[in-house]
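Grab a pencil and work through these exercises with the chain open in your viewer. Try each task before you read its solution.

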Amino acid sequence: MKFKSLLFLSIAGLLFSACQKPFSELEKDPNRPVNVPAALVLSQVEFDMYNNTGKPFSDAMRWNQFYCSNYNYYATNEYTWTEMPNHFFILKNVVKMEEEALRAGANEVNPYAALGKFFRAFFYDQMSKRAGDLPLTEALEGQDNFEPNYNSQKEIYVQILNWLDESNADLASLIAQGENSITGDFYFDGDLKQWQKVVNALQLRILTTLSSKENDSDLNIKGRFAKILQNANQYPLLNDMNDNLEFMSNIYNKYPSNPDNFGFDATRQNMAAAYVEPLKNLKDPRLFITCEPAGSEMKAGKLPSDFSAYHGASSGEDLADMTFKAGVSNGTAFAPGEYSFQNRFRYYTNYEGEAVFIVAYPEMCFNIAEGIHRGWFDGSAAEWYAKGIEASMSFYGLNSGANTFTYSQTGGKDASDFVTFNYDFDFQEYLNQSDVKYTADEKGLEKIITQKYLAFFMNSGMEAYFNWRRTGYPAFYTGVGTGNSGRIAIRWQYPYSERTTNTANYETAIDRQFNGDDNINDEIWLLK
């Protein structure tokens, strides 16, 4: 009896002591870490840049009109978007990374804080240019504010540009003090000098994104653009393809098209006319590397080196018609078809694939060419334009002289299925074509954006689409296949969570921008 009484008292004492602990202590899971090194958080944020902003062979590439789905069990070519990708979850990790660096004893200006500003700029740009206004000033406050007000898109882009300026200045200060590296970085192995170049290249992308606002004094597009190009020491830029911010796949993080999924989607995606037609018209040998000749043209006796043997489908074509013309039944090619497929030698024979650009040298060259073309800086648009084309060609291993190309003649993936052919290429001759050579008129802008589009193939997320939406170049295709009443959507809706947990501020933002209708066909401020 005495034992039972003591046991009861002991249990009661434990319960009483537990009751004295604050709830915040009781809710902690002792099996889960509360704090992690900033380096680990950085690695996750870096992976999210690639994984969550438009990987190759994803729906983003259909919306870029690089290829089309011809098998509706898996996907269509419709622009019937709903909510935007919600990168606030990634931004919470950015905040955590900054906090952990300070907790570990870092100074206020430290490598993680400097890159944190870059990540904030990158992910806010990705979200805002999809939807419009967003919570910013009151965002990322955690439990202190579940209902943040929305900032205007203009305010967001002013902040994005300021973040990038601050990131560049902070990195320069750290490098000058001899703090040249950061732990947890798998893109540049911690080299802050490389990151500083990327920060400034991203700012050039943002400035061209804002081209319709070039006369807005608060944004100061022309002044910011000129300051970057006039001060190479203060604003170092990417020098060549070795400076690219790019993701390399491996056996563990496999390239999206690889031998494992060859049988699933190698023929369920045929090439799109928006991409193929410019390459054909310009006699551009990148066509031979990324695409295969159409089966029906080969059956008719054409050579794989004949540009007219390659065909892309209109993204607006009825899907049933595209399926039949592609020569596909239940995902399997049953006869030589009318459309080209992606080059199965390049994209389905290994797990590493090709580098996937996030911020890269060719795009930067074209952005500089565009800015000069628009009169933002006194330089040679033709020179930067040519550099961009040459860099893109080099990515595919193209050089002046004899080049050898390989494609799958039978549609298989074994060595016996692949055949090679030769083609002589003269880069200077290519540049001198009337439809390629830079001219200081509206046609010149079209050429810059078209070449940038071709260089974006299977990389840089939705940048190809965003450039088309901004300029109208190159021509995108519409019709019943694109859905949305034959239109291409020009924005995304807000996340459903905003409608349910931040209702009042969400409705205010929608009323202010779109007269109360969260519609995918309404123009955001960026486009007006």
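Below are four short exercises, each with a worked solution.

Some ground rules: this is a predicted model, where local features need pLDDT of at least 70, side-chain atom pairs count only at pLDDT 80 or more, and totals for chains, interfaces and linings use all residues. Residues are numbered from 1 along each chain as its sequence is written, and side-chain values use heavy atoms, with hydrogens and water left out.

**Exercise 1. Work out why the protein chain counts as being as compact as a globular protein of its length.**

Step 1: take stock of the secondary structure, which comes to 22 helices and ten strands (DSSP runs, numbered from the N terminus: H or I of at least four residues for helices, E of at least two for strands).
Step 2: compare the radius of gyration, 26 Å, with the 24 Å that the globule rule gives for 528 residues; the two are close, so the chain is as compact as a globular protein of that length. The radius is taken over C-alpha atoms, and the rule is 2.2 Å times the number of residues to the power 0.38.
Step 3: add the burial, with 54% of the 528 residues buried (under 20% relative accessible area, 1.4 Å probe, protein chains only).
Step 4: look at contacts (heavy atoms within 4.5 Å). Of those between residues at least 6 apart in sequence, 74% join residues at least 24 apart.

**Exercise 2. Check the span of helix α7 against what is expected at 1.5 Å a residue.**

Step 1: α7 covers residues 153–176, which is 24 residues.
Step 2: the expected span, 1.5 Å times one less than the number of residues, is 34 Å, and the helix reaches 35 Å from its first C-alpha to its last, so close to it.
Step 3: move on to G178, just after α7, and you'll find a positive phi of about 90°.

**Exercise 3. List the buried residues of α3 and find what covers them.**

Step 1: α3 runs over residues 38–51 and reaches 20 Å.
Step 2: its buried residues are A38, A39, V41, L42, V45, E46, D48, M49 and Y50.
Step 3: their cover includes helices α5, α6 and α8, plus strands β4 and β8.

**Exercise 4. Is S340 buried or exposed, and which residues does S340 touch?**

Step 1: place S340 in the loop between β7 (332–333) and α15 (344–347).
Step 2: its relative accessible area is 1%, so S340 is buried.
Step 3: leaving out residues up to four places away in sequence, S340 touches N270, M271, C291, E292, P293, A294, A309, Y310 and H311.

Definitions and conventions:
Buried means under 20% relative accessible area, exposed over 50%, partly exposed in between (1.4 Å probe, protein chains only).
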